Structures are given as structure tokens and as C-alpha cells.
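Student: Could you pick one part of this structure and take me through it closely? I'd like to see how it fits in with everything around it.

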Amino acid sequence: MVFEGYGKVLSRPGLDIVEREIAIVACLIMENRPSQLYSHLRGALNVGAAPDLLTLVVEDLGEAAGEGYRTAQDILFRLGVA
């Protein structure tokens with residue numbers, strides 16, 4: 001799983017690592033996947049995503065994400081971003 005699911009996907013050309021993490025975060029918000037979302041929000045911060053960018057992504061998806069929106073807001077709060 002680590003090699004196939006992460007290694008090949010995260011190392012593909014075309015997007016830099018911050019853009020890739022932002023795309024993953026957006027998908028996880030829409031699917032309301034709290035555990036994975038927490039990991040990828042932390043990962044996005046660790047690879048250089050600006051906290052304001054993460055907040056903007058969450059707010060842009062907003063209510064369209066349903067419960068995923070509230071989950072993302074909570075995670076950002078716990079990470080000290082919001």
C-alpha cells in the first residue's frame with residue numbers, strides 16, 4: 001500500500017507536492033474521511049502549504065461538503081490553523 005498507494009501517486013509529475021496535497025485534502029473533505037484528512041492536512045503543512053491556503057480550501061468547499069466541512073474546520077482548529 002505504501003509503495004503503490006502513496007509512492008507512485010505522490011511522486012507523479014505534473015503537480016508539485018503542495019498542489020497534490022491540496023487536491024487530496026479537497027477530496028477527503030468532500031468524502032468526510034476524518035483520519036485521512038487529519039494526516040493530509042498535517043502533511044500539507046509539513047510540505048509548505050500556507051495555513052491561509054488550507055483555510056481557504058475548506059471555506060471554498062463550505063456547506064457543499066456537508067459534514068466534511070465541519071470535520072475539516074475542527075481539524076484545522078486542532079492543528080492550530082483556524
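Tutor: Let's start with a term: helices (H or I, at least four residues) and strands (E, at least two) are DSSP runs, numbered from the N terminus. Before we use it, note that this is a predicted model, where local features need pLDDT of at least 70 and side-chain atom pairs count only at pLDDT 80 or more, while totals for chains, interfaces and linings use all residues. Residues are numbered from 1 along each chain as its sequence is written, and side-chain values use heavy atoms, with hydrogens and water left out.

First, the overall picture. The protein chain has 5 helices and 0 strands, so to speak a plain α-α-α-α-α when you read along the sequence. You'll need one more term here: a residue is buried when its relative accessible area is under 20%, exposed when it is over 50%, and partly exposed in between (1.4 Å probe, protein chains only). Of the 82 residues in the protein chain, 30% count as buried. The chain exposes about 5000 Å², with carbon and sulfur atoms supplying 57% of that (areas come from the Shrake-Rupley method with a 1.4 Å probe, and for residues only the protein chains shown count as cover).

Now for the close look, and I'd go for α5, which covers residues 67-78. How long should its 12 residues be? The rule is 1.5 Å times one less than the number of residues, and for α5 that gives 16 Å, which agrees with the 17 Å between its end C-alpha atoms. Just after α5, Gly80 takes a positive phi of about 80°.

Next, see which way the residues of α5 point. Gly68, Tyr69, Thr71, Ala72, Ile75 and Leu76 are buried. Looking down the axis of α5, you'd find these buried residues within an arc of 160° (taken from the directions from the helix axis to the C-beta atoms), so they line one face of the helix. On the other side of α5, Phe77 and Arg78 are exposed.

What does that buried face pack against? The buried residues of α5 pack against α2, α3 and α4, where contact means heavy atoms within 4.5 Å. Two residues from other parts of the chain show you how this works. Ile29, setting aside neighbours within four places in sequence, touches Leu37, Val58, Leu61, Ala65, Gly68, Tyr69 and Ala72. Leu37 sits in helix α3 and is buried, with a relative accessible area of 0%. With the neighbours within four places again left out, Leu37 is in contact with Val25, Leu28, Ile29, Thr71, Ala72 and Ile75. So Ala72 turns up in the list for Ile29 and in the list for Leu37.

Ile29 and Leu37 also belong to something bigger. A nonpolar core is a set of buried Ala, Val, Leu, Ile, Met, Phe, Trp, Tyr and Cys residues joined through side-chain atoms within 4.5 Å. The largest one here has 18 residues, and Ile29, Leu37, Leu41 and Leu54 have the most contacts inside it. The elements giving two or more residues to this core are α2 (17-31), α3 (34-46), α4 (51-61) and α5 (67-78). The largest share, 5 residues, comes from α2.

Finally, the charged side chains. A salt bridge is a side-chain nitrogen of Lys or Arg within 4 Å of a carboxyl oxygen of Asp or Glu, and a search of the whole structure finds 4 of them. In α5, Arg70 pairs with Glu67, the closest N and O atoms being 3.3 Å apart. These two are 3 residues apart in the helix, which means they are separated by about one helical turn. Arg70 is partly exposed at 36% relative accessibility, and Glu67 is partly exposed at 45%. Glu63 joins in too: Glu63, Glu67 and Arg70 are linked in a network of salt bridges.

Further along α5, Arg78 and Asp74 meet in a salt bridge (3.3 Å, N to O). They lie 4 residues apart, about one turn of the helix. Arg78 counts as exposed at 53%, while Asp74 is partly exposed at 41%.

One more bridge lies outside α5: Arg33, in the loop between α2 and α3, bonds with Glu31 at 3.6 Å between the closest N and O atoms. Arg33 and Glu67 are 34 residues apart in sequence, yet their C-alpha atoms are 9.9 Å apart in space.
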